[in-house]
Amino acid sequence: MRKPVIAGNWKLFKKSAEAQDLVTNILPLVKETAGVEIIIAPVFTVLGKVKDAIDGTSVMLAAQNCFWEEEGAYTGEVSPGMLRDAGCSHVIIGHSERRQYFGETDATVNKKITAALSTGLTVIFCIGETLAERESGKTFDILNSQIRDGLAGIRREDISKMIIAYEPVWAIGTGKTASNEQAQEAHSHIRAFLAGLYDHDAAETVRILYGGSVKPENIKGLMAQRDIDGALVGGASLNADSFAAIANYNE
Ligand SMILES: O=C[C@H](O)COP(=O)(O)O
């Protein structure tokens with residue numbers, strides 16, 4: 001039985017006072033008994049503040065990115081060990097916005113995943129096709145190569161410590177959600193591909209989240225799909241009521 005995960009990716013929003021407000025408003029609204037893991041991913045500068053606010057609750061903290069070296073002359077970077085030190089249990093790696101605007105490739109994503117896993121962080125590994133790739137029938141090929149290259153050298157025992165987020169780029173921040181069937185088709189393909197890379201049991205253990213315009217109105221339908229184990233929520237995670245409504249989808 002895979003435990004559902006609802007993760008809020010705050011992207012480049014929320015300075016300290018706003019972040020504190022948002023997290024303190026979310027906490028009383030999310031039902032900790034609902035059997036859902038809740039993760040919040042704020043910007044680096046407010047990790048400490050959010051960590052203090054969630055202390056003593058079951059809500060977990062994620063960073064939105066990390067570097068692959070632990071320390072050194074790498075101005076502007078933050079290492080996995082530093083994220084652990086700041087209280088993170090999770091890190092998002094390979095988000096399409098990082099691939100699109102910051103030149104991340106499957107090779108750099110792979111280095112980050114390897115480094116993050118070695119410090120004990122749980123990786124939320126993002127994959128997904130663009131609209132042009134979907135329209136030219138390449139969705140599965142793109143997912144396969146992102147998974148194969150992103151996970152190169154990652155051992156079977158580490159796979160269960162990872163979460164995969166399928167985020168079709170055309171659905172991110174556009175208000176256009178993949179239909180339940182489109183999302184399920186991609187998730188089921190991802191799981192089958194993982195079974196081929198590792199084995200059936202490993203693939204059945206991995207949680208695969210859907211991301212892309214998830215809202216309180218569409219979460220139930222998505223979560224009813226066999227291979228959808230949760231959501232990586234952007235815009236709707238910036239408001240306490242909508243994030244809590246998504247987190248409490250099964251209430
Ligand atoms: O990481 C979250 C995704 O990019 C989804 O963002 P969105 O919910 O604003 O479409």
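The ligand in this predicted model is surrounded by 14 residues. Asn 9, Ile 172, Gly 211, Gly 234 and Gly 235 come nearest. By class, the shell holds five nonpolar residues, eight polar ones and one charged residue. Glycine counts as polar in this scheme.

Next, the annotation. An unreviewed UniProt entry places the feature "binding site" at Asn 9, Trp 10, Lys 11, Gly 173, Ser 213, Gly 234 and Gly 235. These positions are spread over 227 residues of sequence. In space they cluster, and the largest C-alpha distance is 13.8 Å. Asn 9 is among the annotated positions, and Asn 9 is also one of the residues that come nearest to the ligand. Gly 234 and Gly 235 are likewise in the UniProt record and in that nearest group. Asn 9 itself belongs to strand 1, which covers residues 5-9.

Now turn to a pair of helices. Helix 5 spans residues 106-118, and helix 7 spans residues 139-150. They pack with their axes 8 Å apart, at an angle of about 45 degrees. Angles from 35 to 65 degrees fall outside both the roughly parallel and the roughly perpendicular ranges, so helix 5 and helix 7 are oblique to each other. Their crossing is right-handed. On the helix 5 side, the contact is made by Asp 106, Ala 107, Val 109, Asn 110 and Ile 113. Helix 7 contributes Ser 145, Gln 146, Asp 149 and Gly 150. The residues of this contact divide into three nonpolar, four polar and two charged.

Definitions and conventions: Residues are numbered from 1 along each chain as its sequence is written. This is a predicted model: local features need pLDDT of at least 70, side-chain atom pairs count only at pLDDT 80 or more; totals for chains, interfaces and linings use all residues. Axes are lines fitted to C-alpha atoms, for helices over the stretch in contact, and angles run from 0 to 180 degrees between N-to-C directions. Helices (H or I, at least four residues) and strands (E, at least two) are DSSP runs, numbered from the N terminus. Angles under 35 degrees count as roughly parallel, over 145 as roughly antiparallel, 65 to 115 as roughly perpendicular and the rest as oblique. A crossing is left-handed if the near helix is turned anticlockwise from the far one by less than a right angle, and right-handed if clockwise. Two residues are in contact if their C-beta atoms, placed from the backbone, lie within 7 Å. A residue is near a molecule or strand if its C-beta atom, placed from the backbone, lies within 6 Å of it. UniProt positions are given in the numbering used here, feature names are shortened, and annotations may be inferred rather than shown by experiment.
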